[in-house]
Structure formats: C-alpha cells, structure tokens
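Visitor: Please take me through one part of this model in close detail. I would like to look at the surroundings of the ligand, and then at how the rest of the chain is arranged around that part.

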Amino acid sequence: MADKIPATLIPGDGIGPEIADAVVAVLDGLGAPFAWENQLAGMAAVADSGDPLPLQTIESIRRTGLALKGPLTTPVGGGFKSINVTLRQEFELFANLRPARTLIPGGRFDRIDIVLVRENLEGFYAAMENWLPINHDPKAVAMSTGFNTRAECARIVRYAFEHAVKNGRKRVTVVHKANILKALTGLFLEEGRKVAKEYEGRVEMNDRIVDACAMQLVLDPWQYDVIVTTNLFGDILSDLIAGLVGGLGMAPGANIGENAAIFEAVHGSAPDIAGKGVANPLAMLLSTELMLRHVGRIDLAERLTKAIDTVLANGLRTRDLGGTAGTRDVADAILQQLR
Ligand code: NAD
C-alpha cells in the first residue's frame, strides 16, 4: 500500500465542522492517501486557547506543507486580522487557483470549464491605506496604494502557464487594466507577454482589459480557458465565474506556495445555516479534488469527479441548489457511487 501523506485538517467555524466530516468520510471511502493532523484556527481556536491562529496549527502546516481548511469566521470591524490573509502571508501562498466547471448541465451556462489564477500577495489587495485631513475633516481624502513586483508578476503568470501545460489547457488570458493603471497592471501585462514566449507553440496567450473580460464572461464565457490576473481583479472575477456554475456552494479553491498549499472552499462559515446539517459540502469536496491532483493522485481525483457528476446527474440537490438533501445525504450518495 502506498505511503500515507501527512496533511493538516482545519475544520473551521460555522458550517466548517459538518462539511469537513462529510468530506473526510468521502475521502476515506475513496481511499485517499491523507493522514490527517487535526488543528484549530479561527473562532474555534479562540474558544479553545484564546488564539485565533495557534502556533501549533502553523507548525503543523509547516511540517505537512499541505492543508485542507474549512471556512473561518472573521469578526467584522475589530477583533483579529483575517486568518486567511495571515496564512497566505505566512506561507507565501502566491497563487490562488479557482476553477469553475458546470456541474449541473442544462442551465444557461452549460459546459463552462474555466480556471482562474489570481495573484494572492500583491496589488491593491495589499490594502495599504491612509486618510488625508483637510480643514476639520480628518477623513477628507481616502488613499490606497497598490504594488506589483516584476518577480511576482512573472511567478504567477508562469504558474498559470505551467498549470495549462500540466492540465492540457490551450490558452492563458492575461487580464489587466494597463490602459489606465499603466504602471501597476502594465507591469503585469509586460511580464505576461514575456513569460508567454517561453510557452510559444504549446500554450496560446492573449490579454483582456478587466472590464471587457467581465462582460465577455457573461456573454460568451466559453472563449475562456485559463485566466491569470492581479489580486483584486481576481477576487471579483473568481466570484463571477463561481456564479456562472451554481454559486458559492459549488466553488472550490486552492492557495499555492512554493512550500505549502492550502485547499478550501470559496464560501464562508455560513452562520445562518450552521449546525442544521443542510450545508452543501461540494465546494470543500471539490477542493480536495484539487488537493489530490496537487499530490499527483490524478486517478483518485478523476474517480471523485465522476462520482460527484453522477450524483448530481441523478438529481441530488442541497437547499442552495433548490433541493432538500442534507450535507450527509450528499456524502452518502457519493460514497455509494464509490463502492
Ligand atoms: P458565506 O459564504 O458564509 O455565506 C453567504 C451565503 O451563502 C449565506 O446565505 C450562506 O448560507 C450561503 N452558503 C455559503 N456556503 C454555503 C454552503 N456550503 N452551502 C449552502 N449555502 C452556503 O459569506 P458571509 O455570510 O459573508 O460570511 C460569513 C463568515 O465567513 C464571515 O465571518 C466571513 O468573514 C467568513 N468568510 C470566511 C471565508 C474563508 O474562511 N475562506 C470566506 C468568506 C467569508
């Protein structure tokens, strides 16, 4: 039997523990090779030790280099800094991978298969902000500074091209706003064009201005294959493509660095439905499909995809998709397909 791969499991807050239970049960049924190290983060960790990101959790991820994370609740307006952002910075998770594939055929956006690669560390998302006072108004002017480094632009675009090569994809679209933000996103486009030359004959490259891309994603999403873009644009466009294929309950994600990778659903902790057993576990489960590919178990990733597709084709739907199935019903139906 193949060796087990140590992996950190952070069930998270809200619906996190219930969807994590369902996902781990499916992975066990699939024979996935992960040996889980259970760790806490977020409100669950605050309740346990007072620390939203305990050192033990960080050390576990450093050791395993691989984590599956449930959603974490971020207190609004105060409290602690977003753990998700802290983890991204701590492990230099420079690439955010957000695939969107039509899982429920027959809708308006059938046969969508787009992968969005978002730069995860720089851009306007760095949120370096300040106020300028005028007269008696301390907040008369709001300022925000964005930055992109040449090295990071090249690294993220190269990641997108490598992803295209490894997954048999044909085209990478570099999305920018270089007509207006000539420095910030001009550099991104410049590096995009440079890196694309290394892949000539293997992967095609084109570029789009972000506003035009947003419109085309709604009018004709089928023209897109792999999209690579800066942090803030990627944040917005990745939710747009999630919307094309059924919304948050179906949107998986991965944060990838050189030494660690953290896989998670795009959605949050959904406090409105937590503890009711009705959350859709598919987004987190689809994140584990990415995780299986990441560790080279394409065979298991494909088996899992097939089982999910069959269960959806048979009509099983959670509440967010207009059905009545609970979290556990989805896991059980997929497990049955895997037997
Ligand atoms: P949310 O994604 O938690 O919920 C938005 C809506 O989508 C809710 O109506 C919810 O019920 C529904 N929903 C989300 N996931 C679902 C699922 N799997 N199945 C069925 N329905 C689902 O967004 P929010 O309400 O803005 O945020 C709640 C908390 O989550 C906040 O504290 C926020 O900071 C945090 N958050 C965490 C992450 C993360 O850890 N990656 C991401 C986004 C938000």
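Guide: Start at the ligand. In this predicted model, 20 residues surround the ligand. The closest are Thr-74, His-267, Gly-268, Ala-270 and Asn-280. By type, the shell around the ligand divides into nine nonpolar, eight polar and three charged residues.

Take Ala-270 from that closest group. Ala-270 sits in the loop between strand E12 (261–265) and helix H9 (282–294). Its backbone deserves a look: phi is positive, about 40 degrees, although Ala-270 is not a glycine. Is Ala-270 buried or exposed? Ala-270 counts as buried, because it has 21 C-beta neighbours inside 10 Å, and the cut-off for buried is 20 or more.

Now turn to His-267, also among the closest residues to the ligand. The C-alpha atom of His-267 is 9.7 Å from that of Asp-239. Along the chain, these two residues are 28 residues apart. Asp-239 belongs to helix H8 (residues 231–244). Asp-239 has 16 C-beta neighbours inside 10 Å, so it counts as partly exposed.

Step back to the domains. Domain 1 takes in 1–104 + 248–339, and domain 2 takes in 121–244. Their C-alpha centres lie 26 Å apart. Ten residues from domain 1 and ten residues from domain 2 make the contact. On the domain 1 side, strand E4 (residues 95–101) gives the most, with four residues. The side of domain 1 that touches domain 2 has six nonpolar residues, one polar and three charged.

Just before that strand comes another backbone detail. Glu-92 lies in the loop between helix H4 (83–90) and E4. Glu-92 is not a glycine, yet its phi is positive, about 45 degrees. Glu-92 counts as partly exposed, because 14 C-beta neighbours lie inside 10 Å.

Next, the strand pairings, beginning with E1. Strand E1 (residues 5–10) pairs in the parallel sense with strand E2 (residues 34–38), over five bridges. Within this pair, Ile-5 has Phe-34 in E2 as its bridge partner. Helix H1 (residues 16–30) joins E1 and E2 in a right-handed β-α-β unit. E1 also runs parallel to strand E3 (residues 66–69), with three bridges between them. There, Thr-8 stands opposite Ala-67 in E3.

Then look at E8. Strand E8 (residues 171–176) runs parallel to strand E9 (residues 204–209), and six bridges join them. His-176 is placed opposite Ile-209 in E9. From E8 the chain passes through helix H6 (residues 184–198) to E9, in a right-handed β-α-β crossover.

Last comes an antiparallel pair. Strand E6 (residues 123–134) and strand E7 (residues 137–147) share seven bridges in the antiparallel sense. Ile-134 stands opposite Asp-137 in E7. The two strands form a hairpin with two residues between them. One residue of the turn, Asn-135, has a positive phi of about 50 degrees.

To return to the starting point: Ala-270, one of the closest residues to the ligand, counts as buried. Asp-239, whose C-alpha atom is 9.7 Å from that of His-267, counts as partly exposed.

Notes: Residues numbered from 1 in each chain as written. Predicted model: local features only at pLDDT ≥ 70, side-chain atom pairs only at ≥ 80, totals over all residues. Pairing = 2+ DSSP bridges. Right-handed = clockwise from strand over helix to strand, strands pointing away. Near = placed C-beta within 6 Å. Nonpolar A, V, L, I, M, F, W, Y, C, P; charged D, E, K, R; others polar. Domains from an automatic or database assignment. Contact = placed C-beta atoms within 7 Å. Buried ≥ 20, exposed ≤ 12 C-beta atoms within 10 Å, placed from the backbone.
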